Amino acid sequence: MTNDQIIYTVAIGSGVLGLIAYIAFILIPAWGAYSRIWQRVAASFLTLYVLAAFIIAGAAGGAAVVYFWDRLGS
């Protein structure tokens, strides 16, 4: 396996696990908290803001690691 294939495998695996965690821990509880269909749809739509916040936080954390990677040892 080349380095690029390893990077792609890890990125895809992380994305899939993140999506599964979003569905299991955020989307399903939001859907189950309401009984009317319009409330469930609205709650499900609002969870996309939570997903976006997690994506932004993860990207910022990854960017910080890349930026400070060579500075941490010295």
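1. The crossing of helices α1 and α2 is right-handed in this predicted model. Helix α1 covers residues 3-32 and helix α2 covers residues 37-68. Their axes lie 8 Å apart, and the packing angle is about 150°. Because angles over 145 degrees count as roughly antiparallel, α1 is described as roughly antiparallel to α2.

2. The residues that form this contact can be listed for each helix. On the α1 side they are Y22, I26, L27, A30 and W31. Helix α2 contributes I37, R40, V41, A43, S44, T47, L48, V50, L51 and F54. By character, the residues of the contact comprise twelve nonpolar, two polar and one charged. Two residues of α2 in this contact, T47 and S44, are considered individually below.

3. T47 belongs to helix α2. Its relative accessibility is 6%, and T47 is therefore classed as buried, the limit for that class being under 20%. Leaving aside residues up to four places away in sequence, T47 touches Y22, I26, L27 and A30. These four residues are also listed among those of α1 that make the helix contact.

4. A polar contact accompanies the packing around T47. The side chain of T47 pairs with the side chain of Y22 at 2.8 Å. Y22 is part of the α1 side of the contact, and T47 is part of the α2 side, so this polar contact joins residues from both helices.

5. S44 is likewise found in helix α2. With a relative accessibility of 14%, S44 counts as buried, because this value falls under the 20% limit. When residues up to four places away in sequence are not counted, S44 touches Y22, L27 and W31. Y22 and L27 thus appear among the neighbours of S44 and also among those of T47.

6. The side chain of S44 also has a polar partner in the backbone. A polar atom of that side chain lies 2.8 Å from the backbone oxygen of R40. R40 is itself named among the α2 residues that meet α1.

7. A separation along the chain may be noted for S44 as well. S44 and G62 are 18 residues apart along the chain, and their C-alpha atoms are separated by 27 Å.

Terms used
Residues numbered from 1 in each chain as written. Predicted model: local features only at pLDDT ≥ 70, side-chain atom pairs only at ≥ 80, totals over all residues. Heavy atoms only, no water. Axes fitted to C-alpha atoms, helices over the stretch in contact; angles between N-to-C directions. Parallel < 35°, antiparallel > 145°, perpendicular 65-115°, else oblique. Left-handed = near helix turned anticlockwise from the far one by under 90°. Contact = heavy atoms within 4.5 Å. Nonpolar A, V, L, I, M, F, W, Y, C, P; charged D, E, K, R; others polar. Buried < 20%, exposed > 50% of the residue type's maximum accessible area, 1.4 Å probe, protein only. Polar contact = N/O pair within 3.5 Å; in protein donor to acceptor, adjacent residues only side chain to side chain.
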